[in-house]
Each structure stands twice: as structure tokens, then as C-alpha cells.
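Welcome! Here is a short tour of a few places worth finding as you get to know this structure.

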Amino acid sequence: MSPSPEHDYTGGAVEDGALNLKETELRLGLPGSESPDRDDKVGITLELLSPKSFVSGAKRVFCDAIDAGSAKWGFSAGEAGSEVDKGKGSVLFTPKGEGSAGGKPPGLGRVGNDAAASGQVGNSGKSHREVAPAAKAQVVGWPPIRSYRKNTMATNPPKYKEDVDGKLGLGCLYVKVSMEGAPYLRKVDLKTYKDYRELSSALEKMFSCFTIGQCNSQGIPSRDGLSESRLMDLLNGSEYVLTYEDKDGDWMLVGDVPWEMFTDSCKRLRIMKGSDAIGLGKFRQTEILNNLQSELLKGSDAIGLAPRAMEKCKSRN
Amino acid sequence: MVGGFRWAAMFPDEVWEHVFSFLPADADRNAAALVCRAWYRIERRSRWRVFVGNCYAVEPAAAVRRFPEVRAAAIKGKPHFADFNLVPSDWGGGAEAWVEAMAEGWPHLEELRLKRMVVSDDCLELIARCFKNFKVLSLVSCEGFSTAGLAAIAANCRNLRELDLHENEVEDNCLHWMSHFPESFASLVTLNIACLEGEVNVSVLERLIGRCPNLKTLRLNHSVPLERLVGLLHRVPQLVDLGTGKFAAQHHPELFSKLESAIAGCKNLKSLSGFWEAGPTYLPAIYSVCEGLTSLNLSYATLQGPELIKLISRCKNLQRLWVMDLIEDDGLIAVAASCKLLQELRVFPSDPYGAAQPISLTEHGLVAISAGCPMLHSVLYFCRQMTNAALLTVAKNCPNFTCFRLCIMEPHTPDYITRQPLDAGFSAIVESCKHLRRLSLSGLLTDLVFKSIGASANCLEMLSVAFAGDGDAGLHYILSGCKNLRKLEIRDCPFGDKPLLDNAAKLETMRSLWMSSCSVTLGACRQLARKMPLLNVEVINERKRGLPLELQPDNCPVEKLYIYRTVAGPRSDTPSCVWILR
């Protein structure tokens, strides 16, 4: 059973290369069976959601979250840009962009591409403002504009003469990231990452000095305090979970929705201790999901996550 | 020095101290201190202001020991490129070591100014507790503290005159920090909280400023609504410098006239900033004070050209203008016609990543300003196109530039008419502007421009280079020329080992050198570190693949390099991605 191509939460036709709803589809697969070409996948495709709802809803484990070998933050292991190790772990739901080799999302992620995409999403059929022709990768720190200015402009974008909704992609999307126990918070620009993997990798680097408490009084980690393997040990038990506050003010687990959807709705991030995030993970069940869960739990190590998303989706319908 | 003792003893120490107090610059005092032991002793005991351009250049305890009577200290931390996210977030620049040493040795400290440093709440609490006569706290581009730290300052610094928070990252965890100023507290002269992101209790603020008769500068954050600005202004009609909060409001029939009269009531206003979300509706409320304005910062206001022109053409005495490129060439032509006293212009990009329609801000605007404003000496200009001809004209019109920073937003952009590199244009700038102290280059540039800079830029102290040059010669020209160069920062240029090693001695005459994404190898850095013991050679490799840096071969490329002179030796607070070579 292959997914219906018009399954588009924006309500319009979406071509390949633009925001692709296939990412929010739920698929069952045997462990290690991810492949770049989703169409070949054998298995049951469940379409729980009507085309109008926007979020995946069902419990969906972020790629490799249950990867026993190298779970960090509940995120996939490995450095940004590295190949996904297809053999590892039993991944149940894999959005198209995440599990595929090379981790290349469907044509989106970089600033230039985002600009192109934003022209299409939600505006199918409506002629949008001309968009910059070349979709370039954004160079770090160029043009040389201070972070403070970028942040301020991101929350107050200029209104152009013909730009009706004023929602101009300013090429950066700063959100605050706080962590329990850390003396101060940081900001990250979501537009500099193209997928969850890159984000998690960057956050690890940023916050690793706080997790093991090997900082001196300045909050700066001492040299011998930290190594990646130690961090992995600490986080192996998924002690930390990454959550975000979305546009509606709800706190959700990161990783539920396709990357682009996440960057559109994420207002701030918080790294919580796993135990505190259990509330978020509380599973509100419906008939369908009951059945689904029992199906899925046969022979897998699935951990249920993201029922809040399901709640929201239901209330929307 | 034979005879040195004798003539120094001709006058009592106090006389020499008094003489030294007339020396304007630290460099002059440094020179006096080298004359003889007596002068060294007298000078160090009478220096009360120190500036530390690189917090790692000297041990805090050593600085405190040498100058025991310091009342005012200014310290800078991270390299400038940290502003653009090129420096790892955990690189360093922590303030604690300095604050602790100062608390120990300078209990009478009155002023502390920190820039690009990591300042914790603990630091702020220490400052609040230890300096009984603390008067001025200025934090610029710092991070690491929260409003809880500010509460400690408010509660304890009984004589605080200035609280100047400029573009810091401040965590908001103490909503009522301003309530910690005691009721008896009335000494504020400057309050700048523009960078705070949280809600401000405007009633508390009103009471606070109402009891500070000497308040001259008040810069609000964007949470303060326009309606409340009226009430605030009525309490401080003596204000000289105002940063508005949000400059937009729901339609409110009387608000405009109330605002207009409140602003008109501030007869001493010289500087305006803020203007978040400003629109054409309320802007005319400030027309009455325009004639007296010397400084106007509209760089966060997304106003269009016509509104900007209407406003700025009334500001006949403007000396400093910061604005967004939405002003366009036409707007700058109007500025050139109206603001004949203009000294500093900064034009920021409203859309740096080019996703929107192009703005009509080109080289013509810059040329118009250079022609119309004879006192112009400082420019920061973001644009998308430039020509050599325009730069030649600007150079001819403005030989008095002290600071020229041009950012053509697309790297490697040539002269769009001739398709030539912009070497000729920038060369004209450095040859004409004999007092140029700061220069930032952009566009397509070959080694030729560096030849001109090395030869002509004799006053240049800071140079920023990106995506320029052909090879080693470019860097060699700079390092072998530019005799007053203090700070050099380079990114994405094909400069390699040879010019660094050939000009190693030059690096000791400079404050710092930053090079990232160039062609420097680890071997050269090792050699440099061995040769120059008074330099810290910091290699920053964030990718951390494979072997640790100590085991990497000499030909291993260096991602980022930060070299600075120091008498403190290698620092002990490096993160895992930074290696100091010895």
C-alpha cells in the first residue's frame, strides 16, 4: 500500500522537492529496513490523519532514539552530515528525510531553500512574491551581522511593500535553549541546521560542559573534564530529553514532526531530565492507538513518545 | 639611567603625579613609566584608569598589583569575530578571574566596563558586595548572567550612577529585579536596559526614575508599550538620551498628542534610539525635537524610505545616523542635503540573506553622502553592489575618514560595471584617508589591494578581511607594512604559513590576529609558538576527528587560529576545542 500523493497537510498539491507529507506518514518496518527510496518499502502504511491535520500524531520515535548503542539525548548518534547507520536499532517510524542515506532532506533546510519553500507552502496557486533565484548555502557569520541584531530582526521582520503577511524568512531563526541546572541559556539559529541530527549534535557540543559538572567557576569546562564518550555514557540512559515550546505554548518532545514543521513552530527549546519529561510522554490513548501500540510492540523496543502531539491533533479535528 | 634619580628627586612625588595626570593616553603614561625607576613608581601609584584590551594579555593579579589605586577598569574578552558566531561558545573570556582579583586588590573600584565577556551572576554579586563605592557598570555584548544578578547590583550598589547593558544575552529569571533598588536610591544618571527581553514593571520604573533627578540616559526595552512611555517621559523631562520601547500601539485617539507633548517636554533631548516596530502613525510625534538631535538610531525600525526622509530631513544637526537600508539611495540623497554636520553613518541590511525583493540601496547612496557631508569620518555600509569609480569618488570627497567599513553582501563581488576587482577603489580609500584607523574590506579583491594597504595605511589599527586575496603575498604586505596595526582578523582567504612565519616579530607588536578558514598548517603554528614565547598561539579545531592535536602531523590544516601577545603565558581555562601551542 503506497501513500496517496495528495496527502498534503497544506491542502495544496505539493511536488517532490518541496515539503513532502510523506514525512508525516507512519510506516512499519522491520529493524534495519530503512532505505532511501521509500516507495519500495514493504509493510503497512497507516494513515491515521486526515489531510487537513498537520501533525503526525501517533507515537513516533525519533530516529534511532531506541538505538541501544549510542543514544544521546534520545537523538541519533553520530556527527552532523554523517551517514546513518542503517543496521542499527529498531526504528519504527522513519520520516523520509531522516532515515535515508546521507540524511538529505527533500530539498530543504538551508536558508536559500527555505526561502524557496516558504514561497510554496500554504500558497499553492497564489502567486507569491518573487523569490531569490539561487538557493545558496548560508555561510557562517556572513554577512557580518551581530547576533543581537539578527535576533531582534527575526522577531520584528521588515514589512516590504508587497509582502502582505510580512513573514519574511530572515535567514535565521534564533530560539533560546535552556537546560536544567545550566547557569545560563544559549541561543541557536535553527536555520543553520538541516535536520534533527545536526541540531542535536550542536546542542551536545554546546551543553556538554554542563552535564557532567566539570566546569570551573566560570562555567567554562576544564580540559580534562570531558570527552564525547563520557557524555555518551551519561546520556546512554536517555537521561536528558529535548523538548520545545510550540506556537501554542505547549511543550512537546522534539522529533515528532518533520524538521521543517518543527522549525516553523518551535519557539524555544529546553533540555529536561528524562524523569521530568515523563509528563510529556504520558500516553493518552484512543482505540486506534491502542491497537497500533499492541501491533508495534510485538518484537520491538518501542518507547511511546509524543502523545501530546496526538492530543493537539485530535482537538484540532 | 645616570642622573635619572637626581632630577626626579627635584620635585616631590605629588608634583610628578600631578604632571602625569595631564597625560591623555595610557600609552603616554606607559612611556613615562619607562624613564626611570622613580617615575615608574610614581606613575603606577597614581594611575587610576586601566584599559585591558585582551583579558588574557596579563594576569589579573599582576595588573592589580602594579596599579593599586585603580578606580576605573575596562576589559575586553572574546575576539571580535565572536559577534558573528565564528568563535566557539565555550572559548573563554570569563570575567570571574578578573572580578575576584579586583575585589581583592581594588576595593575602591568605581567603574567597570566589560565587553564580550562571560559574566556570571556570581560575578555580579561579588561586584555588588565588594566595591563599596561602585558607580558604573557597563556590560557590552556579554552573556552568562541573569536578572537575578542585576537584582544584586540594584540592591547593594548604593551609589550606582550608570547601569549600561548594551546588547547582552540576559536570562530573565527575576521579574522584579528593579524593585530591588531601595526607596532611598536616587543616584542614577544612566539606565540602559534595551537588551532585556522580559517584561519590565513600568510602575516600578516610573518610581525609580522619578526619584533620580540626574537621570540623563534612559533606554527602554521593547516590552515597554508606547502608552506608558508618556508617563515615563513626564517624570524625566531633563532627559538627554532616550531609547523608546515599542513604538507602535493600537489605535488610540489621544495617544498621539499625549506622546507629542511628552516628547516636546524633553527640551534637552539629543539622542533617540529604540523605535521597535515603529510605523508612520506615531513617528511624527518626535518631529518637535528633531532639530536638536545629534544622534538617531533607527536601525531597528522597519520604516520605509519616504517616512525616513520626512523624519531625517528635519534633523539638521544630526551627527550620528544609524538606519536600515530601507532608506535606499533616495533617502541618503535627502540625508546628504539636510544633515550637513553628519559625522557617522551606519546602514544595516534589512534582508541580509537576499530572500526578498532587492532594495534600491547602491553605491549611489554612499557617493551622495560623501559629497554632501563634509564632516563625515565614520561609515559602515551594507550593500549589494559597488564600483571602483564610486569608491574613488568617495575617497576624494572624504579624506578624513577614520573608520571605513564596507560590506558587499555577496562574497567575491566585483565592480558590477567593469567586472574588475575592487582593488583600485579600496586602494584609493587608504591612499586618500591618511587618518584611517579602521577598515573592513569586501568584494572581489586580489593581492594588489593589500599592497596598497601595507604601503599607505600608516594609521590603521584594525583591519577586517574576508574572502579576499590570491595567496601569501597579500598577508605579507599587511604584516610587513601597516606600522600601527593592532588587530587583524581574517576569514576565508588563501593565506598560508609563509607570511606568518616571515613576520612573526610583527605579531608581538599587535594585540591579536584571528585567521579562520585560511591555509595555515599546524606545523607553522608550532614553529611560531616555539619562536615567540610572548605569544599565545591558540589553535581551534571544532571538528575533533581522529587524533588529538598533539599527535597530528605538521601538515594538518588549522581551522581557526587566534594569536595574541601576552605576559601571562598560556591560559588555563581553554575548552576542549582549543589548544595553546608551546
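Contact here means heavy atoms within 4.5 Å. Keep in mind that this is a predicted model. The stops below take in two helices that pack together, a helix with buried residues and an open sheet.

**Two packed helices in chain B**
- With that meaning of contact, B:Asp13, B:Trp16, B:Glu17 and B:Phe20 of helix α2(B) meet B:Trp39, B:Arg41, B:Ile42, B:Glu43 and B:Ser46 of helix α4(B).
- Sorted by class, this contact holds four nonpolar, one polar and four charged residues.
- The angle between α2 (residues 13-20) and α4 (residues 37-46) of chain B is about 65°, and their axes lie 9 Å apart.
- Their crossing is right-handed.

**A helix with buried residues in chain B**
- Helix α17 of chain B spans residues 447-456, and its buried residues include B:Val449, B:Phe450 and B:Ile453.
- B:Asp447, B:Ser452 and B:Gly454 are buried in this helix too.
- Two helices, α16 (423-432) and α18 (472-480), and two strands, β17 (438-440) and β18 (462-466), of chain B are what the buried residues of α17(B) pack against.

**An open sheet in chain A**
- Five strands of chain A form an open sheet in the order β4-β3-β7-β5-β6, and their pairing is mixed.
- At the edges you will find β4 (186-189) and β6 (251-253) of chain A, each paired on one side only.
- On average, neighbouring strands of this sheet are turned by 35° against each other, direction ignored.
- Strands β3 (residues 174-179) and β7 (residues 268-273) of chain A run parallel and are joined by four bridges.
- A:Met179 has A:Ile271 as its bridge partner in β7(A).

Notes
Residues numbered from 1 in each chain as written. Chains lettered and ligands numbered in written order. Predicted model: local features only at pLDDT ≥ 70, side-chain atom pairs only at ≥ 80, totals over all residues. Heavy atoms only, no water. Buried < 20%, exposed > 50% of the residue type's maximum accessible area, 1.4 Å probe, protein only. Axes fitted to C-alpha atoms, helices over the stretch in contact; angles between N-to-C directions. Left-handed = near helix turned anticlockwise from the far one by under 90°. Nonpolar A, V, L, I, M, F, W, Y, C, P; charged D, E, K, R; others polar. Pairing = 2+ DSSP bridges.
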